[in-house]
Amino acid sequence: MEMYLNCPCGEVIEGVDEDDLVTKAQSHLSEAHPGRTYTREQIVFMAS
Ligand SMILES: [Zn+2]
């Protein structure tokens, strides 16, 4: 199941499944928002 996460910066992160979304969201955070980290639970909670 594809999942999407709308980052507060306007970036839309999409993953083919939960693992992919979590990986991509965490890499976006480390590149675009250094110092900000979300746990897997937070990412899944915010995803739609
Ligand atoms: Zn962002």
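Here is a walk through the fold, from the overall layout down to one residue on the main helix.

This is a predicted model, so a few ground rules apply: local features need pLDDT of at least 70, side-chain atom pairs count only at pLDDT 80 or more, and totals for chains, interfaces and linings use all residues. Residues are numbered from 1 along each chain as its sequence is written.

Start with the big picture. The protein chain has two helices and two strands, running β-β-α-α from the N terminus on. Helices (H or I, at least four residues) and strands (E, at least two) are DSSP runs, numbered from the N terminus. The C-alpha trace spans about 30 × 20 × 15 Å along its principal axes. Of the 48 residues in the chain, 15% are buried. A residue is called buried if 20 or more other C-beta atoms lie within 10 Å of its own, exposed if 12 or fewer, and partly exposed in between, with C-beta atoms placed from the backbone.

Now for the inside. The largest nonpolar core has seven residues: Met-3, Leu-5, Ile-13, Leu-21, Val-22, Ala-25 and Ile-43. A nonpolar core here is a set of buried Ala, Val, Leu, Ile, Met, Phe, Trp, Tyr and Cys residues joined through C-beta atoms within 7 Å. Two elements, β1 (3-6) and α1 (18-32), give two or more residues each, and α1 supplies the largest share, three residues. In soluble globular proteins, nonpolar side chains tend to be buried together.

Let's look at α1 itself. The buried residues of α1 are Leu-21, Val-22 and Ala-25. Seen down the helix axis, they fall within an arc of 100° (taken from the directions from the axis to the C-beta atoms), so they line one face of the helix. Covering them are, among others, β1, β2 (12-15) and α2 (40-46). On the face turned away from this buried side sit the exposed residues Asp-19, Ser-27, Ser-30 and Glu-31.

Ile-43 shows how the core is joined up. Leaving aside neighbours within four places in sequence, Ile-43 is in contact (C-beta atoms, placed from the backbone, within 7 Å) with Leu-5, Leu-21, Val-22, Ala-25 and Tyr-38.

Finally, try Glu-18, which is found in α1. Glu-18 is partly exposed, because 14 other C-beta atoms lie within 10 Å. With the same neighbours left aside, Glu-18 is in contact with Met-3 and Val-44. The C-alpha atoms of Glu-18 and Ile-43 are separated by 9.1 Å, although these residues are 25 residues apart along the chain.

Definitions and conventions
Two residues are in contact if their C-beta atoms, placed from the backbone, lie within 7 Å.
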